[in-house]
Structure formats: C-alpha cells, structure tokens
Amino acid sequence: MSKKTKVDPRIKRTNKYLRDALVELLKEKDVTSITIHEITEKAELTRGTFYLHYQDKQDFLMQSMNEVLEELIEKVKPKQNNEDSAAVEENDESVSFLKLFEFIYDHSDYFKVMLSDRGLPQFRSHMTEIVKKRVYGELISSIGEAEDGLDIPEDILISYITSAHIGVICSWLESDMKFSPAFMADKLTSLTLLGPIRVAGLENKIKLPY
C-alpha cells in the first residue's frame with residue numbers, strides 16, 4: 001500500500017457514509033448485486049458526490065478496502081521506541097494483537113460482512129498479508145534469520161500461523177465477539193508462542209494418530 005496521506009475531513013466523512021451504507025447493504029445481499037444507486041441512496045448522498053471520489057463501484061470497493069486496512073496497519077504497527085528494553089520487545093507481540101482485536105471490535109460490522117461470503121473475495125487475502133507483514137513482522141523476521149535451524153520450511157510455518165490467526169478472527173466475529181479483545185489477544189499470543197497443544201493442556205494427554 002502507498003504511504004498514507006492527509007485526507008480532507010469532509011472527504012473522509014463522505015467516504016465513511018458510503019462505506020457504512022455498503023456494510024448495511026451487505027447484510028442483505030451479495031456485493032455483486034449492490035448498485036451505486038443503492039449505496040448513494042442508503043448513504044443519503046447523490047450519485048454526483050459518489051463520482052467526485054470514485055470512478056465506478058469497483059474503484060469504490062477497492063479504495064474502501066484499502067482505507068480500512070491502512071487504518072488497521074496504523075493501529076497495530078509497533079511504535080518506535082528508543083529504549084533498548086527486552087521487556088518492551090517481548091510485549092510487542094501481545095500489544096499488537098490487542099490493538100488488532102480492538103480495531104476489529106470497533107469495526108466489527110465491516111469485518112463481519114467483508115470476511116463473509118457476501119464480501120469482496122480479495123479482502124481476506126489482503127487482510128492475511130496485513131496480519132503476516134505488519135502484526136507480527138518482527139516474528140517473521142526472526143524466523144528468516146533462524147532459517148537454518150527450522151525443522152520445517154519457513155513458508156509452511158508462516159502460512160500455518162497466518163491462516164490460524166485469520167481463522168481465529170473469523171470465528172470470533174461469527175460468535176458475536178463473546179470474548180473481549182484483551183482475552184483474545186492474550187490467548188492468541190499464547191497460541192502463537194507456545195502452540196495449541198501445550199496451551200490447551202494436552203501435551204501429555206493427547207494420543208498421536210501414528
């Protein structure tokens with residue numbers, strides 16, 4: 001994604017109205033069935049206003065998606081810290097996870113419909129890349145540095161972790177977020193660093209299928 005630029009508050013407000021309208025419509029029908037007229041009518045804006053900002057519906061969908069994911073990046077990426085503290089580094093993961101779940105919680109209607117069958121097919125893959133590169137970029141960087149010592153190929157490990165994270169997020173949304181963002185961040189941190197079998201307390205209880 002390109003570097004974030006300052007947006008006029010009025011344009012930002014208009015974009016939000018249109019995005020909120022899209023979310024409401026996606027609760028009722030598939031994204032391919034939604035028209036520009038329906039979006040502008042739901043947002044109580046004119047088609048002329050829509051075309052001041054977007055070329056067509058596809059342009060609107062892609063820009064809206066990128067705007068939300070850019071906000072997500074800004075929310076979860078670690079802040080620059082001049083202190084050389086091991087404690088700060090160790091907490092980067094859990095802090096990023098907490099910010100991730102807080103952001104999704106605050107925009108739950110959007111993420112719920114966009115990650116569903118009614119949303120944009122590209123959204124899940126774009127979000128997966130965000131989680132992979134920005135939420136735990138330091139972890140993946142350290143994996144790359146220690147590649148010679150890995151027991152499995154790096155790409156398999158990264159795909160496993162990323163898919164697990166997105167799956168957890170989707171399940172959380174589908175359950176109407178019955179657990180708090182803090183609870184989810186804590187458990188996801190433990191699962192990532194220690195593994196599901198150990199965290200679940202099954203290390204000495206599970207019977208291997210071979």
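Me: How accessible is K27, and does that make K27 buried, partly exposed or exposed?

Reply: Partly exposed counts as the range between under 20% and over 50% relative accessible area. This is a predicted model, and in it K27 has a relative accessible area of 39%, so K27 is partly exposed.

Me: Which residue does the side chain of K27 meet in a salt bridge?

Reply: A salt bridge is called when a side-chain nitrogen of Lys or Arg lies within 4 Å of a carboxyl oxygen of Asp or Glu. The partner of K27 is D109, with N to O at 3.5 Å. K27 sits in the loop between helix 1 and helix 2 (36-43), while D109 belongs to helix 6 (residues 108-114). The two are 82 residues apart, and the pair links distant parts of the chain. D109 is also partly exposed, because its relative accessibility is 39%.

Me: How many salt bridges does the structure hold?

Reply: There are eight salt bridges. One of them joins R19 and E71, at 3.8 Å from N to O. This pair, too, links distant parts of the chain: R19 is in helix 1 (residues 9-26), E71 is in helix 4 (residues 57-76), and 52 residues separate them.

Me: Are R19 and E71 buried or exposed?

Reply: R19 has a relative accessible area of 10%, so R19 is buried. E71 comes to 25%, so E71 is partly exposed.

Me: What is the distance between the closest N and O atoms of K29 and E38?

Reply: In the salt bridge of K29 with E38, those atoms are 2.8 Å apart. K29 is partly exposed at a relative accessible area of 24%, and E38 is partly exposed at 22% relative accessibility. Sharing of partners is another thing to look for: salt bridges of this kind join R19, E67 and E71 into one network.

Me: What describes two packed helices?

Reply: Two values are used, the angle between the axes and the distance between the axes. For helix 1 and helix 2, the axes come within 8 Å and cross at roughly 110°. Angles of 65 to 115 degrees count as roughly perpendicular, so helix 1 is roughly perpendicular to helix 2. The crossing of this pair is right-handed.

Me: Which residues make the contact between helix 1 and helix 2?

Reply: Helix 1 contributes Y17, L18, A21, E24 and L25, and helix 2 contributes E38, I39, T40, K42 and A43. By type, the residues of this contact are six nonpolar, one polar and three charged. E38 is thus listed in the contact and also pairs with K29 in a salt bridge.

Me: At what angle do the axes of helix 1 and helix 4 cross?

Reply: They cross at roughly 105° and come within 11 Å. Helix 1 and helix 4 are therefore roughly perpendicular to each other.

Me: Which residues of helix 1 and helix 4 make that contact?

Reply: From helix 1 they are N15, L18, R19 and L22; from helix 4 they are F60, L61, S64, E67, V68 and E71. The residues of this contact divide into five nonpolar, two polar and three charged. R19, E67 and E71 appear in the contact, and salt bridges join these residues into one network.

Me: Which sign does the phi of E44 have?

Reply: Backbone angles can be read residue by residue. E44 has a positive phi of about 60° although it is not a glycine. E44 lies in the loop between helix 2 and helix 3 (47-53). Its relative accessibility is 72%, so E44 counts as exposed.

Me: Where is D176, and what is its phi?

Reply: D176 is in the loop between helix 9 (154-174) and helix 10 (181-194). D176 is not a glycine either, and its phi is positive, about 60°. With a relative accessible area of 54%, D176 is exposed.

Me: How many helices and strands are in the protein chain?

Reply: The protein chain has 11 helices and zero strands. Read along the sequence, the pattern is α-α-α-α-α-α-α-α-α-α-α.

Me: What share of the residues of the protein chain count as buried?

Reply: Of the 210 residues, 34% count as buried. R19 is buried, at 10%.

Me: What share of the contacts join residues at least 24 apart?

Reply: Among contacts between residues at least 6 apart in sequence, 65% join residues at least 24 apart.

Terms used
Residues numbered from 1 in each chain as written. Predicted model: local features only at pLDDT ≥ 70, side-chain atom pairs only at ≥ 80, totals over all residues. Heavy atoms only, no water. Helix = DSSP H or I, 4+ residues; strand = E, 2+ residues; numbered from the N terminus. Buried < 20%, exposed > 50% of the residue type's maximum accessible area, 1.4 Å probe, protein only. Axes fitted to C-alpha atoms, helices over the stretch in contact; angles between N-to-C directions. Parallel < 35°, antiparallel > 145°, perpendicular 65-115°, else oblique. Left-handed = near helix turned anticlockwise from the far one by under 90°. Contact = heavy atoms within 4.5 Å. Nonpolar A, V, L, I, M, F, W, Y, C, P; charged D, E, K, R; others polar.
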